[in-house]
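Biologist: Hi! Could you walk me through this one?
Modeller: Happy to. Have a look at it first, and then ask away.

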Amino acid sequence: MEEENQNVISESVVYENNQKGSEETAGWNGNSHSVDQGDGEAYSRRIILERYGVRTYLSVEDYLPGVMVCQTGPEMGMEALKCQAVIARTYIYRQMGDREEIQEEELDLDYLGDDTARAGNTLTVHQKEELAKRLEQCRQAAEATAGVVMKYEDRYILPLFHERSAGRTRTGEADYPYLQSVESKWDVVGSESEVSFRSSEFAQRIKNFSDAPSLDPERLSSDIQIVKRDDAGYVLQIKIGPRTYTGDDVQYALGLPSTCFTIDTRISGTIAVTVKGCGHGYGLSQNGAQAMAEEGWSYSDILNYYYKNISLMTE
């Protein structure tokens, strides 16, 4: 029998894009400060970069577009891109703390220059033009939100985001009260995928991941039991053979897009896994944000929907 249980998260897991409910009303949950260019304070913080043995500096604002273009897809409109700008800036400020500068490697973020320099010769003219267009859109979104960050009780939040939820985002632990489960109805259509494994392959993948005792493929149909789910339906614990694994363990072992999955063993010799969503399910859903933007939501409304009781502040 499955139990529901609140999931526990840690900062080491979750600032990611993941590769590429009760009904909430559209409204504000927190305070928003006016957004303007300010007096240049947004440009005082900077990133220390090292390329080919040469150390250089780039302001956070100038650095953001190169991060955003790695975290977003070409389908993202301006309001959704503004959300990503605020998310990336908030994350960087959180990592910086009271410092005015930070080493790039401390951020552990993908950056446009890292891959483009290596792939430049393989890009077509059209691809280069599209990339330049996307980078300019990201620059405009960063500029339009210059200095805007998200805070909860005067502390930078951990601005988790993912590609698509399973129809509802997940609740964080007590240290992250702004990560509350909300309906993300825009994610329901197209969120489901299915993958099948031969029983022997399934057993081998689990064994390879965990170095567990060998599993008997013939007994797997009766040896798999989902034990706990969280309030959004993501698997927290699953029993396979004699051991209990986390949903994250099984996601990684099987290469699943998320931990919101069900397992069907009714077909002899086959394990069918149905998965909903893509990513960890915490915080903002990029697919949901884009759909909301298309409906006319502003970036500030979107952020206040996915992150509860926050303040949007210009620094």
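Modeller: Let's begin at a hairpin, and keep in mind that this is a predicted model. In the hairpin of strand 10 and strand 11, two residues sit between the strands, and Gly241 has a positive phi near 60°.

Biologist: How many bridges pair strand 10 with strand 11, and in which sense?
Modeller: Four bridges, in the antiparallel sense. Strand 10 covers residues 235–240 and strand 11 covers residues 243–246.

Biologist: Which residue is the bridge partner of Ile240?
Modeller: That is Arg243, in strand 11.

Biologist: And what holds paired strands together in general?
Modeller: Strands of a sheet pair through backbone hydrogen bonds, and they can be parallel or antiparallel.

Biologist: Okay, another sheet. What is the order of strands in the open sheet of three?
Modeller: The order is 3-2-4, with mixed pairing. Strand 3 (54–59) and strand 4 (101–103) are the edge strands, each pairing on one side only. From one strand to the next, the twist averages 30°.

Biologist: How do strand 2 and strand 3 run, parallel or antiparallel?
Modeller: Antiparallel, with six bridges joining strand 2 (residues 46–51) to strand 3. As one example, Leu49 is opposite Thr56 in strand 3.

Biologist: Which strands does helix 1 touch?
Modeller: Helix 1 (residues 60–71) packs on the sheet and touches strand 2 and strand 3. The direction of helix 1 makes about 95° with that of strand 3.

Biologist: Now the inside. Which residues touch the most other members of the largest nonpolar core?
Modeller: Met150, Tyr178, Leu284, Ile302, Leu303, Tyr306 and Tyr307, out of 30 residues in that core. Helix 10 (299–306) is one of the elements that give two or more residues to this core, and the largest share, five residues, comes from helix 10.

Biologist: What does Tyr178 touch?
Modeller: Leaving out residues up to four places away in sequence, Tyr178 touches Arg94, Tyr152, Ile157, Leu158, Tyr306, Tyr307, Lys308 and Ile310. Apart from the largest core lies another core, of 28 residues, including Tyr63, Val69, Met76 and Ile102.

Biologist: Let's switch to charges. How many salt bridges are there?
Modeller: The count comes to 15 salt bridges. One of them joins the side chains of Arg170 and Asp230, at 2.6 Å from N to O. That pair links distant parts of the chain, 60 residues apart. Arg170 is in the loop between strand 7 (161–162) and strand 8 (192–198), while Asp230 is in the loop between strand 9 (224–229) and strand 10.

Biologist: Are Arg170 and Asp230 buried or exposed?
Modeller: Arg170 is buried, because its relative accessible area of 3% is under the 20% cut-off. Asp230 is buried as well, with a relative accessible area of 1%.

Biologist: What about Glu201 and Arg205, how far apart are they in helix 6?
Modeller: They are four residues apart in helix 6 (residues 199–210), so about one helical turn separates them. Their side chains meet in a salt bridge at 3.2 Å, N to O. Glu201 is partly exposed at 23% relative accessibility, and Arg205 is partly exposed at 30%.

Biologist: Which residues are joined into one network by salt bridges that share partners?
Modeller: Arg45, Lys151, Asp154 and Glu315.

Biologist: And which residue does Asp223 form a salt bridge with?
Modeller: With Arg219, the closest N and O atoms being 3.6 Å apart. Arg219 is partly exposed, at 47% relative accessibility.

Key
Residues numbered from 1 in each chain as written. Predicted model: local features only at pLDDT ≥ 70, side-chain atom pairs only at ≥ 80, totals over all residues. Heavy atoms only, no water. Pairing = 2+ DSSP bridges. Axes fitted to C-alpha atoms, helices over the stretch in contact; angles between N-to-C directions. Contact = heavy atoms within 4.5 Å. Core = buried A, V, L, I, M, F, W, Y, C linked by side-chain atoms within 4.5 Å. Buried < 20%, exposed > 50% of the residue type's maximum accessible area, 1.4 Å probe, protein only. Salt bridge = Lys/Arg side-chain N within 4 Å of Asp/Glu carboxyl O.
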